[in-house]
Every structure is written in C-alpha cells, then in structure tokens.
Amino acid sequence: MSTLDKIKQNIADSINAALKQQIVQSADLVYPPKPEFGDISLPCYNLAKSFKKSPVEMAEFLVGEVALGGTISGTKAIGPFINFTFNKQTLAQGVLSEIALAKNQYGLNDSGGGQKIMVEFAHPNTHKAFHIGHLRNILTGEAVSRILQANGYKIIRANYQGDIGLHIAKCLWGIGQLATEYKEMVGQGVKAKAEFLGRAYALGSKFYEEDEQIKKEIVELNKKIYSQDKSVKRLYQTTRKWSLDYFGGIYKRLNTKFDRLYFESEVFQRGREVVLENLEKQIFKKSDGAVIFEGEKYGLHTRVFINSEGNPTYEAKDMGLAKLQFAEFNPAKIIHLVGPEQVEYFKVIIKALELILPETKGRERHLPYGWVRLKAGKMSSRLGNVVLGEWLLDEAKTEILKIMKGKRSLKNKDEVAEKIALAAVKYSILKSGINTDIAFSLEESISFSGMSGPYLQYTCARIGSIMKKANPKPQTSSAKQIPSLKPQKITYNNLTEPKENGIVNKLARYPEMVRLAAENYDPSELAKYLFELAQGFNDYYHAVPVLKAKTEIKQARLALIMAVKQTLANGLELLGIETVEEM
RNA sequence: GCUCCUGUAGUUCAAUGGACAGAACACCAGCCUUCUAAGCUGGAUAUGCAGGUCCGAUUCCUGCCGGGAGCACCA
C-alpha cells in the first residue's frame, strides 16, 4: 500500500467510525479542483440519501463528527463536499521516504499477481511501407506492456507480421516492372531496400485497381506465392528478409524487443485446417464455394474464412494464430492492439474462436488505438502517400541538433539528440488518448516546448544539475540510480511552501496513476500526470531557491526535488522514454 | 441502406454523472549580475442543434445536422 492509500484508508475509516457504519470506501474520495479547498474530499450526495439529509447538511454534519488527528489535520465543508487537509509533515515524511527507499521501484504494484498477458502489437506487413501509424502502434504497445508489467503482470510481447497475402503479390508484381531498379538494390542498405519495396507495392496496388488484366496476373502470382512456386520463391524470400531486417532496425531504435515474432506464413495452413475441421461441426458453412461464418446468429455479420480459391483469409489465419499462441504460452489474456476499423471484425473472430476453442472465451481482447491522419489529405500505403515512421524520427533529430547548436556544448551530442528526438515523438503520440485519432502535424510531433517529451527531460536535467552543485552531494549507491538523501536525517516540517505541498501531493498520487493506466490500458493518463508534475516543479524552481536555503531547509528541498526526478524517471520509463542528464 | 465510432477555445488535445469545463500550441505583454530561458509570470476565446432523465449532464437517453469507419471471398 502506498502512503496515500494508507491515508485514504484512514480517512474512510474515520468517516465510517463517525457514522458508525461501513459505508464509505477509500475509492469514494476525490481530489478537489483547488488546493485551497483541501487535499482530498468526499462528495456527500450519496451519503445524504442514506441519512435523509441534504448533501450540504450532510457535509456540515460530518465536519462536526469526524475526529481529527493522525493523518488528518483539518476538515472543512464547502457546499456538498467535505474537504480534508492532510497533516503535511506526515504526508511528506511518508511519501518522500517511500520514494527515496523504493527508488526506481516507486509506484510498482503487484495487482497482476504474475498473470501472463500476451500483448500483440506492431504487426507491420512485409513488402509495405512502415508509416507513422505503425509507429503509434509500437509506441502504444510497448507502453501498455511496460505499464502492465509495473502492475505485476508477466508480459509476452508478440508481433504478428503479414508476410503472405495479396499485398505481397502486388509488391512482387511491381518489382517485375521495376526490374532494373531491383538489380541495383541488391548492394544498397536496408533503408533503401525498404523504400523500394514500398514503391513497388504502391505501383502494383495501383494497377491492380485500374487494370483488369493485371489484376488477374496478380491473383495468379498470389497463388504461386501460396504454393511456394519455384518461379517466385527466391524473390519472395529475399524481399521478405529485406523488410524484416528493416523492421528489426526500427524495433531496436525504438527500444522494443519481441518475445515471439509470428508470421502469417506459419499460421495460414493451420488456420485453414482448423476451419475445415469445424466445417463438419457446422460452426462454419459453405457458400458460393467459400467457407463462411454466419455471424448473424450472434448479432454480428458474416465473414469469409476460406475463399473460393481455397485460400485462407485473414480470418482463418487468425484462428491458426490463436491456436498457436495458446499452445505456446497459455496466456491468461491476449491483447491485440489493432486499429478501430476492425472492431466489428474482431467481434466476429473472437466469437468464432470461442466456438472452436472454448478455453479462449473471455481471454481474447481487441484493444483499438486511434488513427494517425494527415491534416492535408489521407495517408495510404496503397497510394504511396505516407509519412514514414523513420523519416519522422530523423526529422526530429535534425531539428534538435539545430537547437543544440546555439546551446551548451555536450560531449555526447548525437546520443543526446537521439534520445530527445525519441522522447519528442514518443510523448507526442502517447499523450493522446489511446483511442483518439491524431491529426498529424510535423511541428507538433517534434515539439520541444510545452507538453512535450523534451520538457520532461529538461525538468530532469535541471534537477540533476542542482544535485550536482549541492554540497554535500547526495549519496548514490550505484551509477544507474538516482541519488537520494537518507530519509531519516531529514526534517520534513521544513517543507512549508504551498508549492511544496502541492508537489508532495502530486508525488503521492503516482502509484495511483500507474494503476489507473493499467486499468484503462491507456498510457495517456500517465503522460498527462508526468507533465503536471514537471510543471509543478518548474513553477517551484523559479519561485523557491534550493541551494541557497539554510542547511536543514536545503536538505528537505533536495529530498523533494530528487523525489520529483525519481518519479519522473520512473513514469517516463513506463512510457518507454529515456531521461538525459544534460541537454 | 444497415451497424459502429465521433462532434469541446483559432488549432491540437483533457475532463470515474459532481465544486468555476482544464492544458498545450499560436498571439500579445513582461522575467536571465540568481540552482540549464527547451523555462517562468500575466492576458482572450469553447461543450454542433433540439428535447429528455437527474438535486446536478461535456458525460446517460431520443431526434436532427456534420465528420470517420465497417458491412462475403483485401489485410
């Protein structure tokens, strides 16, 4: 239990004691909109009903009944709310020593109890462009994984990549048209190869839609790919590797590692078999030469699982995938991070899966994440009109190097610029609600001011700078850990500034934010929280000197700002963002 | 046509049915002999429209208007 949890429990207990019944839960307590109101409040609407009073009367009544002392230093009724003021010293003592002792473990909890959750994300298709939509998927998937991990779940990171299907045929057909260029590509780097594949795909796609004859050719080619025909096998394998090598580089740059890479090519056969086996059991049925699942029976819609060519569609492949995933890992839950356009699709396949493999019931979940749209026009890898994921990272880095030119000189400039660039892009994406569409703008994605990744890094760097200049220097047990002072040596009643109380309150809420982010499968809550914490510190920084204060006060303030740095670093870690010591 | 999602300052985004709807960007005016000015302070503007439920609605319900997506052999 965190310090704040304990205090909230105390308050709930005090209220229940005053009312002589167990009626208020600590979860009923809310945070007041203004610090003058108090530190935590209880809305009295529901209580009022039970006690047949008006909410305002109820709040006033409670003020007279609840005993002060311990963690509560004051109560105050404002309208229908009863507001509690914490004993500042108790809170500061509790929170700051908790952080100093827990260090990078601060905020973690064990509510997951070691349950296995597979988070399936990224899933780019080979032979197609890697655009900012994929970037959002990976950043979100990685953050969700880290957040769940912080809540005591054991995470299996899976990535399901489409390396078979019509899009490959389109690309390979396109390569046939660009034969000369293809030969030149062989000696080129992974990036150039990936770009070339993107172009070939767009070309094939265009002709597929515009020319009936070519459409037929591509369909034929697709059959050959499925049957591993000698005429295409080599080209297929070579280009598939180009894509995968390229993706591998991006995962590394984004600091994501997968425990298991799944491929459509390894599940399509199994998927087809699973569907055919269940055809007899009447879960599926034949219709116009295809094998379909009639979703209407369950309030859903019909989908084709095996097409009239006999090839499994995405639906059947997903059956094969699920079977494999449960067989290999037997996770308590599988979360598929996939776009919102597939909400209805997933309802159908989860239902079908439930009938085929009853043990999967309630364990499959589609987690939709919002689109990244271009402000000007739509983005489509089909039309070759895309913002490439890596281009954005490079662009951000270039901009940062420009800014750094006029600033302090750093030895490891390039390394720092890369970290800041990643922070800018990651934060700008993660701060939006997981299911909110993002209207992409270059300026905002690489924003270095305001609610941004670099702002948070800057805050940490500032604190680090104060710590370096502090005398005596705070102790650190290992190079990796953020230094801290021995909590028992600090007198916390030296923290009397209102801004300090605000920061302590904020710090106390961090464990709650970690919990909330996991419950909602949404990193944006945490991203917002970290910004507010940083904002609180920067305000404080300008108003209250740390190093110029008298020794005892200085110690307390140092303890406070180190706790801020630690908490920011912990939270950023969960978002997959690294801090920097200097910038 | 049917189904799902969505509509909040100029822009991009917030707000478990609760206190005065919050930030950021942009714009204007200030702040570096003082711990990193990638910072801080001050300043204007918003819930698409019409009803309903509720002590209370941005949030829930209905209708209308606008935007997006899905709806049999793509992924």
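This report describes the predicted model of chain A with RNA strand B, from overall layout to the helix that lies at the RNA.

**Overall layout**

Chain A has 583 residues, and 44% of them count as buried. Its secondary structure consists of 21 helices and 13 strands. Along the principal axes, the C-alpha atoms fill a box of roughly 85 × 65 × 40 Å. Among contacts in chain A with a separation of 6 or more, 75% join residues 24 or more positions apart.

**Domains and their contact**

The domain assignment divides chain A into domain 1 (3-86), domain 2 (121-374) and domain 3 (389-575). Between domain 2 and domain 3, the C-alpha centres are 38 Å apart. Their contact involves 26 residues of domain 2 and 23 residues of domain 3. On the domain 2 side, at least two residues each come from helix H5 (132-150), helix H10 (230-254), strand S11 (364-368) and strand S12 (372-374). H5 supplies the largest share of that side, twelve residues.

The side of domain 2 that touches domain 3 and the surface near RNA strand B divide by residue class as follows.

| Surface | Nonpolar | Polar | Charged |
|---|---|---|---|
| Side of domain 2 that touches domain 3 | 17 residues | five residues | four residues |
| Surface near RNA strand B | 34 residues | 24 residues | 13 residues |

**The surface near the RNA**

There are 71 residues around RNA strand B, and those that come nearest are Asn-307, Gly-433, Gly-450, Ala-461 and Ser-465. Helix H17 (residues 453-469) gives the most to this surface, with eight residues.

H17 is 17 residues long and spans 25 Å from its first C-alpha to its last, close to the 24 Å expected at 1.5 Å a residue. Its buried residues are Gly-453, Pro-454, Tyr-455, Leu-456, Gln-457, Tyr-458, Thr-459, Cys-460, Ile-463, Gly-464 and Met-467. The elements covering these buried residues include helix H15 (413-430), helix H20 (524-543) and H21.

**The nonpolar core**

In soluble globular proteins, nonpolar side chains tend to be buried together. The largest nonpolar core here has 158 residues, of which Ile-147, Leu-526, Leu-530, Ala-559 and Val-564 touch the most other members. Helix H21 (residues 551-575) contributes the largest share of this core, 13 residues.

Which residues does Val-564 contact, leaving aside its neighbours within four places in sequence? They are Ile-463, Ile-503, Leu-507, Leu-533 and Phe-537. One of these contacts, Ile-463, is also among the buried residues of H17, the helix that gives the most to the surface near RNA strand B.

How values were computed: Residues are numbered from 1 along each chain as its sequence is written. Chains are lettered from A and ligands numbered from 1 in the order in which they are written. This is a predicted model: local features need pLDDT of at least 70, side-chain atom pairs count only at pLDDT 80 or more; totals for chains, interfaces and linings use all residues. Domain bounds come from an automatic or database domain assignment. Two residues are in contact if their C-beta atoms, placed from the backbone, lie within 7 Å. Helices (H or I, at least four residues) and strands (E, at least two) are DSSP runs, numbered from the N terminus. Ala, Val, Leu, Ile, Met, Phe, Trp, Tyr, Cys and Pro count as nonpolar, Asp, Glu, Lys and Arg as charged, and the others, Gly among them, as polar. A residue is near a molecule or strand if its C-beta atom, placed from the backbone, lies within 6 Å of it. A nonpolar core is a set of buried Ala, Val, Leu, Ile, Met, Phe, Trp, Tyr and Cys residues joined through C-beta atoms within 7 Å. A residue is buried if 20 or more other C-beta atoms lie within 10 Å of its own, exposed if 12 or fewer, and partly exposed in between; C-beta atoms are placed from the backbone. The expected span of a helix is 1.5 Å times one less than its number of residues.
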